[in-house]
Amino acid sequence: MTTRKEGDKYIVKENCTGFKKGDVAILHNDDGTEMPMFTNPKGEHYWVQMSKLERVEMAEKIIGRKYIITGNRGLDGITNYYDLGTEVTLRSISPKGYGEFRSDSGMEQTVEFNNVELKGEIKLAEKIVGAKYIVTDGDSDFSTGEIIELIQDDGSSMPRFRSESTGRTAWMYMSRIELKPKGDSKLKKLKVGKKAIVIGTDITDSRHHHTDVMAKVGQKVLVKEITGHNGKIVRAEHNGITKSYAIEDLVRVDKKPKQVLGGHYIVVDPSSGFKKGDKVELTRLQGDDIPKVKRLSDGFEAYTHLSRLQPIPGGAQDKVEPAKPKFETGDIVRITGNTNNSRNKVGDIGVISSSVIGDSTFTVDVPGRTSGNGNWTKQSEVEHLGLKGELKK
């Protein structure tokens with residue numbers, strides 16, 4: 001026995017007999033197996049593997065409650081004309097099970113329940129003077145995504161904050177912010193007026209329908225507006241056309257990406273066997289900003305320039321940015337780069353023989369090659385081997 005019932009609706013995730021990706025499949029006969037019979041948009045019946053389907057989540061129907069518009073594409077072909085992110089109230093339910101909604105502006109519209117999200121009860125963030133918060137619903141003083149610090153608690157639901165980026169101070173409703181988690185992602189937050197990279201289209205397609213005129217994976221867009229409940233919807237421009245994207249499918253462009261071992265990146269400029277949109281993991285740090293990366297889909301590895309990559313969530317840099325290795329006199333290291341024309345060669349193993357100050361260069365003595373002069377090496381171009389001592393000459 002299963003919990004499935006006749007009439008349940010699913011989205012087809014990949015082409016299969018009788019269906020193409022994106023079709024709505026309606027359960028016709030559940031025989032208890034993982035390949036029951038479904039009805040396609042033409043009214044024909046076919047058996048389909050459940051692994052190729054995604055259950056459509058329908059919002060709970062509660063007359064009088066507030067909802068947020070999350071999509072415009074109805075399963076039964078009904079198109080609503082509310083802007084994504086609009087707050088609406090459920091007035092009644094039609095005989096066919098659709099919702100009759102009204103916005104605060106008075107606009108009334110029929111909407112299918114896969115295109116709305118029930119607005120939850122508002123839970124205010126805890127007030128901690130000196131703590132950092134993220135703005136989830138911007139206003140004229142602070143923009144969505146901005147980091148602000150609580151500087152004065154007057155006991156009201158609208159205490160005083162200071163912007164981390166601009167220093168501006170203003171009062172802000174606690175209902176429009178969230179407490180900034182400790183140790184969160186080091187990736188830059190999306191910001192209006194800044195460029196972003198499309199790192200996926202599946203979430204956008206499931207919510208708003210990703211069309212051919214929209215940016216594809218690996219392409220850049222200009223963020224025009226961050227809206228919707230908790231800022232889940234991004235209005236962004238590509239080739240002069242502004243469309244809605246799911247915030248999970250975008251990441252802000254980093255003008256100076258850093259090498260992070262284990263970090264995940266997306267290829268934005270093809271080279272070395274990689275194509276635009278490929279997702280890779282950095283597997284070896286390298287001087288001259290030419291690290292070695294591995295394609296996540298098939299394990300292909302090659303060196304490519306860091307300027308051809310943009311950091312994305314999922315890797316080491318998504319949680320913490322690794323600290324630079326601390327070097328000391330007597331440490332045994334491997335030379336990984338030579339941009340300052342040292343007598344040391346890439347691949348040599350030697351011992352740090354001078355004092356180490358900040359991020360500067362230091363001398364590395366390599367047995368049989370260098371000792372005393374011409375052996376200055378950049379700290380960024382050596383690999384710490386975790387050993388200390390002397391090497392035989």
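Me: How much area does the protein expose, and what share of it do carbon and sulfur atoms supply?
Reply: About 21,700 Å² is exposed, and 49% of that comes from carbon and sulfur atoms. Keep in mind that this is a predicted model.

Me: And what fraction of residues is buried?
Reply: Of the protein's 393 residues, 39% are buried.

Me: How many helices and strands?
Reply: The protein has 30 strands and one helix.

Me: What share of the contacts between residues at least 6 apart in sequence join residues at least 24 apart?
Reply: That share is 51%.

Me: Switching to charge. Which residues gather in the patch of positive charge on the surface?
Reply: The patch consists of lysines: Lys 191, Lys 194, Lys 195, Lys 220, Lys 255 and Lys 276.

Me: Where is Lys 276 placed?
Reply: Lys 276 sits in a loop, with strand S21 (264–267) before it and strand S22 (279–284) after it.

Me: Why does Lys 276 count as partly exposed?
Reply: Because its relative accessibility is 40%, and the partly exposed class runs between the 20% limit for buried and the 50% limit for exposed.

Me: Different topic, backbone. What is the phi of Asn 239?
Reply: Asn 239 has a phi of about 55°, a positive value, although this residue is not a glycine.

Me: Where is Asn 239 found?
Reply: Asn 239 belongs to the loop that links strand S18 (233–238) to strand S19 (241–246).

Me: Is Asn 239 buried or exposed?
Reply: Exposed, because the relative accessible area of Asn 239 is 68% and the cut-off for exposed is over 50%.

Notes. Residues are numbered from 1 along each chain as its sequence is written. This is a predicted model: local features need pLDDT of at least 70, side-chain atom pairs count only at pLDDT 80 or more; totals for chains, interfaces and linings use all residues. Side-chain values use heavy atoms; hydrogens and water are left out. Patches are made of residues with over 30% relative accessible area and no salt bridge: like charges are joined within 9 Å, nonpolar side chains (Val, Leu, Ile, Met, Phe, Trp, Tyr) within 5 Å. Accessible areas come from the Shrake-Rupley method with a 1.4 Å probe; for residues, only the protein chains shown count as cover. A salt bridge is a side-chain nitrogen of Lys or Arg within 4 Å of a carboxyl oxygen of Asp or Glu. Lys and Arg count as positive and Asp and Glu as negative; His and the chain ends are not counted. The place of a charge is taken as NZ of Lys, CZ of Arg, CG of Asp or CD of Glu. Helices (H or I, at least four residues) and strands (E, at least two) are DSSP runs, numbered from the N terminus. Buried means under 20% relative accessible area, exposed over 50%, partly exposed in between (1.4 Å probe, protein chains only). Contact means heavy atoms within 4.5 Å.
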